[in-house]
Amino acid sequence: MRILITNDDGIHAPGLAVLERVARGLSDDVVVVAPETDQSGVAHSLSLNDPLRLREVSEDRYAVRGTPTDCVIMAVNSILKDRKPDLILSGINRGQNVAEDVTYSGTIAAAMEGTLLGVASLALSQAYGPVSGRQNPHWDCGEHHAADVVRQVLDAGIPRGTLVNVNFPDCAPGEVAGIEVTRQGARDTALMQVHEREDGRGNPYYWIGFARGKFTPVEGSDLEALRNRRISVTPLRLDLTDRDTHERYAKLFG
């Protein structure tokens, strides 16, 4: 089994190194194609107005000056054109990708692109919280459990047009309370804020950020699973059609 691994945190990200070790535990045929720089939050964007620059870091390890989607396309249609991957693993992302994160995440977008190209794809992310902190996520949690989750998902099969979003809870490996198949949750959008600051010349600039507010996650959601220290496994479909509304509108305009 040939495994392509990528991410959105960049070629030097610690989560990518963790995922590479996980992948090498599943196969000895692993190829890394990741963004040259941090591409967090770029979602499923393509570079259409700038050329892609490819740098061979070492054998079967490449950096692309582009987005995660660019990386997957470069890998499947160029670098691995004559030896297509059997599996794409994207991550392990620094921070959870749950609820509406799914629409912003470059990590998940790479798995989406892999699915579009007909390759079984999973996105993997490691949650962190106020105690562990952004600089010290429990990478050992994802590293300990990822291979088993990937194996079980592959044994069960991934339907065409579906990708799998895996999130590891913010805890040590031995503190994980189980694996739960979940649905995409939703946060309170009031938690998204724009912070205004001032540069050294007195000019304003802005940061988009999330406040840490209290909310109750929906039962069975990815958010609830992580809160309960469970590994969240969420199957996502590329087809975004709202079928109930489609049926209602079809009657309206039919």
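## A walk through a predicted fold

At 64% relative accessibility, I208 counts as exposed (exposed means over 50% relative accessible area, buried under 20%, and partly exposed in between, with a 1.4 Å probe and protein chains only). This is a predicted model, where local features need pLDDT of at least 70 and side-chain atom pairs count only at pLDDT 80 or more, while totals for chains, interfaces and linings use all residues. Residues are numbered from 1 along each chain as its sequence is written, and side-chain values use heavy atoms, with hydrogens and water left out.

Back to I208, then. It is part of strand β10, residues 204–210 (helices are DSSP runs of H or I with at least four residues, strands are runs of E with at least two, and both are numbered from the N terminus). Leaving out residues up to four places away in sequence, I208 touches M192, Q193 and V194, where contact means heavy atoms within 4.5 Å. I208 and E196 are 12 residues apart along the chain, and their C-alpha atoms are separated by 9.0 Å.

**The nonpolar cores**

Now for the inside. The largest nonpolar core holds 34 residues, and I3, I5, L89, L122, L124 and V166 touch the most other members. A core here is a set of buried Ala, Val, Leu, Ile, Met, Phe, Trp, Tyr and Cys residues joined through side-chain atoms within 4.5 Å. Among the elements that give two or more residues to this core are β1 (2–6), α1 (14–26), β5 (87–94), β6 (120–126) and α5 (139–156). Helix α5 gives the most, with seven residues.

L89 is a handy spot to look at. Apart from its neighbours within four places in sequence, L89 is in contact with I3, L4, I5, T6, L19, A23, L26, L122, L124 and V150. There is also a second, separate core of 15 residues, which includes V31, V76, L80 and V119.

V76 brings us to helix α2, where it is one of the buried residues. The helix spans residues 68–79 and is mostly covered, with nine of its 12 residues buried. The cover over those buried residues includes β1, β2, β3 (53–58), β4 (61–65), β5 and α4 (106–116).

**Salt bridges**

Side chains of opposite charge can pair when their charged atoms come close. With a salt bridge taken as a side-chain nitrogen of Lys or Arg within 4 Å of a carboxyl oxygen of Asp or Glu, the count comes to 12. The table lists three of them, with the N to O distance and the relative accessibility of each partner.

| Pair | N to O distance | Acidic partner | Basic partner |
|---|---|---|---|
| E20–R24 | 3.1 Å | E20, 16%, buried | R24, 41%, partly exposed |
| E143–R21 | 2.8 Å | E143, 29%, partly exposed | R21, 47%, partly exposed |
| E175–R229 | 3.4 Å | E175, 43%, partly exposed | R229, 38%, partly exposed |

The E175 and R229 pair links two loops: E175 is in the one between β7 and β8 (179–181), and R229 is in the one between α6 (222–227) and β11, so the pair ties together parts 54 residues apart in sequence. Salt bridges that share partners join E20, R24 and R61 into one network. E20 and R24 both sit in helix α1, four residues apart, about one turn of the helix.

**The second largest pocket**

Strand β11 (231–237) shows up again here: along with α3 (101–104), it gives two or more residues to the lining of the second largest pocket. β11 gives the most, with four residues. A pocket is an open set of points on a 1 Å grid over the protein atoms alone, with protein on both sides within 12 Å along at least five of seven lines, and lining residues have an atom within 4 Å of a point. This pocket holds about 350 Å³ of space, the volume being the space filled by probe spheres set on the points.

Which residues lie nearest the centre of this pocket? Out of 15 lining residues, they are Q184, L236, R237, D239 and L240. The lining divides into six nonpolar, five polar and four charged residues.

**Backbone oddities**

G91 and I92 are joined by a cis peptide bond, with omega about -15°, and I92 is in strand β5. Two residues other than glycine have positive phi values: A43, near 55°, and A99, near 50°. A43 lies in the loop between β2 and β3 and is buried at 17% relative accessible area. A99 is in the loop between β5 and α3 and is buried too, at 0%.

How values were computed. On a 1 Å grid over the protein atoms alone, a cavity is a set of points where a 1.4 Å probe fits but cannot get out, and a pocket is an open set with protein on both sides within 12 Å along at least five of seven lines; lining residues have an atom within 4 Å of a point. Ala, Val, Leu, Ile, Met, Phe, Trp, Tyr, Cys and Pro count as nonpolar, Asp, Glu, Lys and Arg as charged, and the others, Gly among them, as polar.
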